[in-house]
Amino acid sequence: MNIRSCLAALAMVQACMASAQTLDESELADLAARPSIGLYKAYAEFKMARYDSARSIWQALAEKGVAEAWFHLGILAEDGLGEPRDPGAALARYRRAAEAGSAKAQYRLGLLHLEGRLVAQDRAQARYWLAVAAANGDDEAARRLDALRREEGPEGRVAAQ
């Protein structure tokens with residue numbers, strides 16, 4: 001690749017980055033109308049640390065009922081990315097995503113309840129959400145659920161160590 005080609009490619013990348021930083025209402029509406037493209041675009045914005053753009057897209061998708069958008073909005077709230085850290089908002093968003101069918105959110109809720117992060121530890125809730133995620137095809141949730149059941153033993157209590 002020669003210097004002229006490199007400069008042309010760099011100019012194209014910079015133009016794309018500049019246009020991606022601000023989204024108008026029509027772009028948001030277009031992305032919300034095509035959820036798979038919207039999720040992809042929002043994730044790209046997220047990876048480039050453009051949390052405001054990512055949040056705008058995920059919010060537009062969430063308003064259309066896209067479960068995965070609620071999950072990603074939960075991550076923003078949990079980690080304080082582009083917004084203040086808010087464990088309560090994160091939990092509410094994860095729960096909304098999980099109830100709408102997001103296996104990622106179901107798994108996340110299972111782990112949060114299992115580990116006692118953001119919520120009090122609740123093994124029954126952990127088992128419930130891990131089972132729901134596993135039923136929705138999450139292999140890691142199935143492994144965690146199996147390990148949890150082995151750890152608890154047949155009576156459903158944590159075995160003495």
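Is Trp 58 buried or exposed, and what is its relative accessible area? I looked this up before anything else, and in this predicted model Trp 58 is buried, with a relative accessible area of 1%.

**Entry 1: aromatic rings**

I then listed the aromatic pairs, and the count comes to five. One of them joins Tyr 43 and Phe 46, whose ring centres are 6.1 Å apart with 25 degrees between the planes, and this pair is stacked. I noted that the angle falls under the 30 degrees that the stacked class requires, since I wanted the label and the value side by side. Both residues sit in helix H3, which runs over residues 35-47, and because they are three residues apart there, they are separated by about one helical turn. Their exposure I recorded separately: Tyr 43 is partly exposed at a relative accessible area of 41%, whereas Phe 46 is buried at 19%. For Phe 46 I kept in mind that buried means under 20%.

Phe 46 also pairs with Trp 58, and here I found a tilted arrangement, with 5.8 Å from centre to centre and 50 degrees between the planes. Phe 46 belongs to helix H3 and Trp 58 to helix H4 (residues 51-63), so this pair ties together parts that are twelve residues apart in sequence. I closed the entry with the grouping: Tyr 43, Phe 46, Tyr 51 and Trp 58 form one aromatic cluster.

**Entry 2: salt bridges of Glu 45**

I turned to the charged side chains and found that the structure holds 15 salt bridges. Which residues does Glu 45 meet in salt bridges? One partner is Lys 41, with the closest N and O atoms 3.5 Å apart, and another is Arg 50, where the N to O distance is 3.5 Å. Glu 45 and Lys 41 are four residues apart in helix H3, so about one helical turn separates them. When I checked the accessibility, Glu 45 came out as buried with a relative accessible area of 1%, while Lys 41 counts as partly exposed at 23%. With Arg 50 the situation I wrote down is that both it and Glu 45 are buried.

**Entry 3: Arg 93 and Glu 83**

Next I followed the salt bridge between Arg 93 and Glu 83, in which the closest N and O atoms are 3.1 Å apart. This pair links distant parts of the chain, ten residues apart, with Arg 93 in helix H6 (residues 87-99) and Glu 83 in the loop between helix H5 (67-79) and H6. I found both Arg 93 and Glu 83 to be buried. Looking beyond the single pair, I noted a network of salt bridges that links Asp 52, Arg 55, Glu 83 and Arg 93.

**Entry 4: Ser 102**

Last, I looked up where Ser 102 is found, and placed it in the loop between H6 and helix H7 (103-115). Ser 102 is buried, with a relative accessible area of 0%. A polar atom of its side chain lies 3.1 Å from the backbone nitrogen of Ala 105. Which residues is Ser 102 in contact with, leaving aside its neighbours within four places in sequence? I recorded Ala 67, Glu 68, Phe 71 and Ala 97.

How values were computed: Residues are numbered from 1 along each chain as its sequence is written. This is a predicted model: local features need pLDDT of at least 70, side-chain atom pairs count only at pLDDT 80 or more; totals for chains, interfaces and linings use all residues. Side-chain values use heavy atoms; hydrogens and water are left out. Rings of Phe, Tyr and Trp (its six-membered ring) pair if their centres lie within 6.5 Å; planes under 30 degrees apart count as stacked, over 60 as edge-to-face and the rest as tilted. Helices (H or I, at least four residues) and strands (E, at least two) are DSSP runs, numbered from the N terminus. Buried means under 20% relative accessible area, exposed over 50%, partly exposed in between (1.4 Å probe, protein chains only). A salt bridge is a side-chain nitrogen of Lys or Arg within 4 Å of a carboxyl oxygen of Asp or Glu. A polar contact is a pair of N or O atoms within 3.5 Å; within protein, one must be able to donate a hydrogen and the other to accept it, and residues adjacent in sequence count only if both atoms are side-chain atoms. Contact means heavy atoms within 4.5 Å.
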